[in-house]
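User: I have a model open and want to test its labels. For each one, tell me what earns it.

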Amino acid sequence: MHTDRGIAWWPRRRSRALDIGLAVSVAVFDGVATGFSAENFFLPGPAVGAISFLLGLCLVVRRRFPVSVATLCLVLGAVAGAGMLSYLIAFYTLGAYAVSRRVVLITSGVALVAFVAQPAPALEPDEPFWIAVVVGIVLVMPSVLLGLYMGARKQLIASLQERAARLEREQHLLAEGARAEERTRIAREMHDVVANRVSVMVVQAGAVRAIAKRDPERAAEAAAVIGDMGRQALDELRQVIGVLRLGEAAAPLPAPGLGDIRGLVGQSHAAGLDVTLTVKGDERPLPAAVAGTAYRVVQEALTNVHKHAGAVSARVDLDHLPDAIEVRVENDAPSIRPDHGLPSGGNGLVGLRERVTALGGVFEASAGTEGGYAVRARVPLPAGPAMASPEA
């Protein structure tokens with residue numbers, strides 16, 4: 001029937017063994033009990049016993065066809081007086097496994113009316129009406145209500161298990177996303193700390209080798225710059241490794257400020273780059289995230305000038321606006337491309353774009369006005385009060 005649940009025959013092997021054992025036991029009990037106590041009904045006792053035995057065996061499929069088995073018990077119980085335990089188990093199964101609660105109520109109501117109309121062989125036909133009603137309710141309702149309770153309990157447990165599994169999957173996806181984001185952040189930090197400074201150091205080492213014989217004083221200055229940059233790279237690398245090793249317990253990396261940007265420009269100038277810094281607007285302490293992003297933009301842009309343009313003129317412009325800070329780094333076109341063999345993966349500009357856009361800013365990197373290259377970033381300031389970064 002279309003009102004049956006239509007589940008698998010048995011959800012587990014234990015359920016199959018239970019149903020088979022239960023059906024055989026109930027069939028034997030009902031067959032023997034009704035066969036010796038139903039002589040005063042429509043059919044002789046042995047016939048009722050045989051019907052009860054077959055009816056008990058039908059309990060094997062009670063999970064698959066709960067409405068059909070309950071209806072069969074109802075009909076044979078009313079017509080032939082067959083079934084005792086099978087009748088109770090069938091109506092328990094009806095409440096526990098039937099899909100439609102309306103079908104459960106209708107079938108239970110029909111069973112109650114059928115028992116009141118034909119109470120034999122449980123009661124004599126001349127028993128008072130109210131006794132038949134009470135006995136019918138006692139026979140039908142407890143089994144159905146217990147089945148409804150167990151069915152609701154199983155559905156609740158299944159729903160909770162499904163919700164727990166879904167939450168576990170969501171937590172796994174969130175953890176995977178967090179790990180991927182953390183890997184990206186660590187890669188970006190390592191690039192900023194190591195690749196930029198080491199690239200400039202490699203460029204300077206080549207310059208030292210070129211001028212060591214003809215200009216020892218300038219070579220010594222360049223070597224001193226390489227030493228300073230190397231020590232700074234080691235300090236920053238130790239801080240990053242400390243964060244990776246100790247996690248949140250490690251001290252956070254100090255946020256750079258405008259003084260650190262001046263230090264970058266000074267290092268590039270000492271490394272042979274003709275670079276000038278122009279600051280417009282009212283200088284004020286910047287939030288740590290904004291100051292760090294502006295610093296990384298200048299650092300990456302000047303490193304790319306060292307790597308790809310060599311000893312050319314470059315300009316760094318910082319414009320303090322009321323609601324944002326704009327950074328622009330532009331260099332002239334190189335006359336001769338440097339030949340230092342440094343690799344260029346393009347990850348630096350990608351990381352800068354991620355930093356700037358994460359703060360709601362705008363990032364551009366394109367050819368400059370005079371054949372060089374220009375990097376521009378506009379980073380908005382937070383609307384509310386923010387912790388300012390210390391200025392060096």
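Analyst: What follows sets values against definitions, label by label.
This is a predicted model, in which local features need pLDDT of at least 70, side-chain atom pairs count only at pLDDT 80 or more, and totals for chains, interfaces and linings use all residues. Residues are numbered from 1 along each chain as its sequence is written, and side-chain values use heavy atoms, with hydrogens and water left out.

User: How many helices and strands are there, and what makes a run count as one?

Analyst: The protein has ten helices and five strands. Helices are DSSP runs of H or I with at least four residues, strands are runs of E with at least two, and both are numbered from the N terminus.

User: What share of the residues is buried, and what does the exposed area consist of?

Analyst: Of the 392 residues, 37% are buried. Buried means under 20% relative accessible area, exposed means over 50%, and partly exposed lies in between (1.4 Å probe, protein chains only). The protein exposes about 21,600 Å², with carbon and sulfur atoms supplying 63% of it. The areas come from the Shrake-Rupley method with a 1.4 Å probe.

User: Why is Val316 called buried?

Analyst: Val316 sits in strand 2, residues 313-320. Its relative accessible area is 0%, so Val316 is buried. Leaving aside neighbours within four places in sequence, Val316 is in contact (heavy atoms within 4.5 Å) with Val265, Val275, Thr276, Leu277, Thr278, Val298, Leu302, Arg328 and Val329. The C-alpha atoms of Val316 and Val265 are separated by 8.1 Å, with their positions 51 residues apart along the chain.

User: What class does Ser268 get, and how do you know?

Analyst: Ser268 has 7% relative accessibility and therefore counts as buried. The residue lies in helix 8, residues 258-270. Not counting residues up to four places away in sequence, Ser268 touches Leu273, Val275, Leu302 and His306.

User: Is Ala311 buried or exposed, and what makes it so?

Analyst: Ala311 has a relative accessible area of 71%, so the label is exposed. Ala311 lies in the loop between helix 9 (288-308) and strand 2. Its C-alpha atom is 9.9 Å from that of Ser268, 43 residues apart along the chain.

User: Why are Ser313 and Ser366 called partly exposed?

Analyst: Ser313 has a relative accessible area of 25%, so Ser313 is partly exposed. At 28%, Ser366 is therefore partly exposed too. Ser313 is in strand 2, while Ser366 is in strand 4, residues 362-367.

User: What do these two serines touch beyond four places in sequence?

Analyst: Ser313 is in contact with Asp274, Glu330, Asn331 and Asp332. Ser366 touches Tyr373, Ala374 and Arg376. The C-alpha atoms of Ser366 and Glu330 are separated by 9.7 Å.

User: What makes helix 1 and helix 2 roughly antiparallel?

Analyst: The axes of helix 1 (residues 13-35) and helix 2 (residues 45-57) cross at roughly 165° and come within 7 Å. Axes are lines fitted to C-alpha atoms, for helices over the stretch in contact, and angles run from 0 to 180 degrees between N-to-C directions. Under 35 degrees counts as roughly parallel, over 145 as roughly antiparallel, 65 to 115 as roughly perpendicular and the rest as oblique. So helix 1 and helix 2 are roughly antiparallel.

User: Which hand does that crossing have, and which classes of residue make the contact?

Analyst: The crossing of helix 1 and helix 2 is right-handed. A crossing is right-handed if the near helix is turned clockwise from the far one by less than a right angle, and left-handed if anticlockwise. The contact of helix 1 with helix 2 has nine nonpolar, seven polar and one charged residues. Ala, Val, Leu, Ile, Met, Phe, Trp, Tyr, Cys and Pro count as nonpolar, Asp, Glu, Lys and Arg as charged, and the others, Gly among them, as polar.

User: How do you know how helix 3 and helix 4 are oriented?

Analyst: The axes of helix 3 (residues 66-80) and helix 4 cross at roughly 150°, coming within 8 Å. Helix 3 is therefore roughly antiparallel to helix 4. Their crossing is left-handed. The contact of helix 3 with helix 4 has eleven nonpolar, two polar and no charged residues.
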